[in-house]
Amino acid sequence: MASIEELSAEQALEWDTPLFRQALTQFEQAIPYADVNESIVARLGSPERAVMVAVPIRRDAGLVDVFPAYRVQHSSVLGPTKGGIRYDPHVTLGECAALAVWMTWKCALLRLPYGGAKGGIRCNPRELSLAELQRLTRRYTSELRGVIGPQEDIPAPDMATNEQTMAWIMDTYSMQVGYAVPEIVTGKPVALGGSLFRSEATGAGVVMVVERACERLGWRLDEQRCVVQGFGNVGGVAAQELVEKGASVLAVSDISGAVYSERGLDLASVREWIADHGTLEGYPEAEHVTNAELLEVPCDILVLAALEGQLTGENAPRISARLIAEGANGPTTIEADAILGERGIPILPDVLTNAGGVTVSYFEWVQDLGRLFWTRNEIRARLADKLNDAFDRVWHLAAKKEISLRQAALIAGINEVAAALKARGIYP
Ligand code: NAD
């Protein structure tokens, strides 16, 4: 069996970054419990395909800037690949590769007929105007022609991309093929064939998983004090859902820092402030702390919904939450995972906890292909069924094998992919 060092040396050179090593190490930790042989380990140890492009756009001031961009497809054994597109200054090939690997396990765990992909453009979206973002998105989409497609690879929103971005992708692709292709992206506006409930699905799914975990742990969700890092698409909705279920949210944060109130925040007033001022900076009705301090606020449930690498070997000994929910992808490093495991703090892993987004993306794609429109309640109920089923399989596997919830979630996903690889064999 290949060791992680061998996998890293032989296969990871092109995308060798801390996040890809984290994804590979997690894979290696799951292998002894999974139903895989050496050739399957080798095939799943690196992505099937990666595309690097340089995207030129004319800036509003007239000059031309060129941005590096990527799309990585990890495994197409179960169906088309699926994954978000992010606009962020830290996007690299290795980061996209790691996120694509996690998408494969996530789709397989949820039993969706997809493999994992991820893409992104290395840029600072906050320094680009709306017109520049549109030009960037359209040119990136054109560069990916032949790589993405409704039966090949279906993009979705991720950090700093949204419904509007997906609408531009859909329009660019449709203009190039000559007819409307709503099923090329998910997370698009409802007016274009987007699904009801898609925009809330990831955040709402996080809370569905938290609720199920509380039931299993014998806790009442309405008695829990929660802290949420990140107040964007995922964190903003998760915080709201927690409050609607009776829990209190003591602190939330965004890129400018965090706000904290021991009595619980008034989320409507926080949202109003952000709508008027852009960020949490200067919000008058709560104490201000840093993002690093927010993670250590004493609470019951810590929801991580900003970005990767937040809980580390350095801060894990000081985390005082009783349960951690990973809304973001890869927010807990391998070192932090081990420390929190030893301290007996359960982590609801990203591949399960934030899978609400891709699940409703799948519902959106199915509705588009069948030209169907499901109701909001129907979608919410189907999502709860899917997440509860995956949660129960993960919970039982973890108990049976005496392993962490993360290992159990990864094994459940890996086994689905491995069974398909075994049955299909190697072409030709
Ligand atoms: P978003 O851009 O809507 O929100 C991100 C939030 O994090 C914002 O509040 C932003 O201010 C904050 N943030 C950004 N950089 C930060 C920093 N350096 N320090 C502290 N906070 C910072 O993005 P999102 O869609 O909510 O995604 C958040 C995470 O959830 C990502 O890891 C993403 O991959 C993951 N995720 C998103 C979806 C989805 O459907 N949107 C699905 C699955 C996973």
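In the predicted model, an oxygen atom of the ligand lies 2.9 Å from a polar backbone atom of Val 234. A second backbone approach involves Ile 255, where a polar backbone atom is likewise placed 2.9 Å from an oxygen atom of the ligand. A side chain also takes part: an N or O atom in the side chain of Arg 198 is 3.5 Å from a ligand oxygen atom. Altogether, the ligand is surrounded by 21 residues. Val 234 and Ile 255 belong to the closest of these, together with Asp 158, Thr 202 and Asn 233.

The domain assignment divides the protein chain into domain 1 (1–46), domain 2 (48–179) and domain 3 (199–353). The arrangement of domain 1 and domain 2 was examined further. Their C-alpha centres are separated by 24 Å, and 11 residues of domain 1 are in contact with 14 residues of domain 2. The size of an interface is often given as the accessible area lost when the parts come together. For domain 1 and domain 2, the buried area amounts to about 990 Å², with 77% of it on carbon and sulfur atoms. On the domain 1 side, 46% of the area buried against domain 2 is supplied by Trp 15, Leu 19 and Leu 44, more than by any other three residues.

Specific polar interactions between domain 1 and domain 2 were also counted. The number of salt bridges between the two domains is 0, while 2 residue pairs are in polar contact, both at pLDDT 80 or more. Among the elements on the side of domain 1 that touches domain 2, helix H2 (residues 18–30) gives the most, with 6 residues. The composition of this side, by class, is 6 nonpolar, 4 polar and 1 charged residues.

Over the structure, 32 salt bridges are found. In one of them, the side chains of Glu 183 and Arg 371 meet at 3.4 Å, taken from N to O. This pair links distant parts of the chain, its two members being 188 residues apart. Glu 183 is in the loop between helix H6 (163–177) and helix H7 (198–217), whereas Arg 371 occupies the loop between helix H13 (356–370) and helix H14 (376–401).

Two features of the backbone conformation were noted. Arg 111, a residue other than glycine, has a positive phi value, near 55°. Arg 111 is placed in the loop between helix H4 (93–109) and strand S4 (115–122). In addition, Tyr 427 and Pro 428 are joined by a cis peptide bond, for which omega is about 5°. Pro 428 itself is found in the segment that comes after helix H15 (405–424).

Technical notes
Residues are numbered from 1 along each chain as its sequence is written. This is a predicted model: local features need pLDDT of at least 70, side-chain atom pairs count only at pLDDT 80 or more; totals for chains, interfaces and linings use all residues. Side-chain values use heavy atoms; hydrogens and water are left out. Domain bounds come from an automatic or database domain assignment. Contact means heavy atoms within 4.5 Å. Buried area is the accessible area (1.4 Å probe) that two parts lose on being put together, summed over both. A salt bridge is a side-chain nitrogen of Lys or Arg within 4 Å of a carboxyl oxygen of Asp or Glu. A polar contact is a pair of N or O atoms within 3.5 Å; within protein, one must be able to donate a hydrogen and the other to accept it, and residues adjacent in sequence count only if both atoms are side-chain atoms. Helices (H or I, at least four residues) and strands (E, at least two) are DSSP runs, numbered from the N terminus. Ala, Val, Leu, Ile, Met, Phe, Trp, Tyr, Cys and Pro count as nonpolar, Asp, Glu, Lys and Arg as charged, and the others, Gly among them, as polar. A residue is near a molecule or strand if one of its heavy atoms lies within 4 Å of it.
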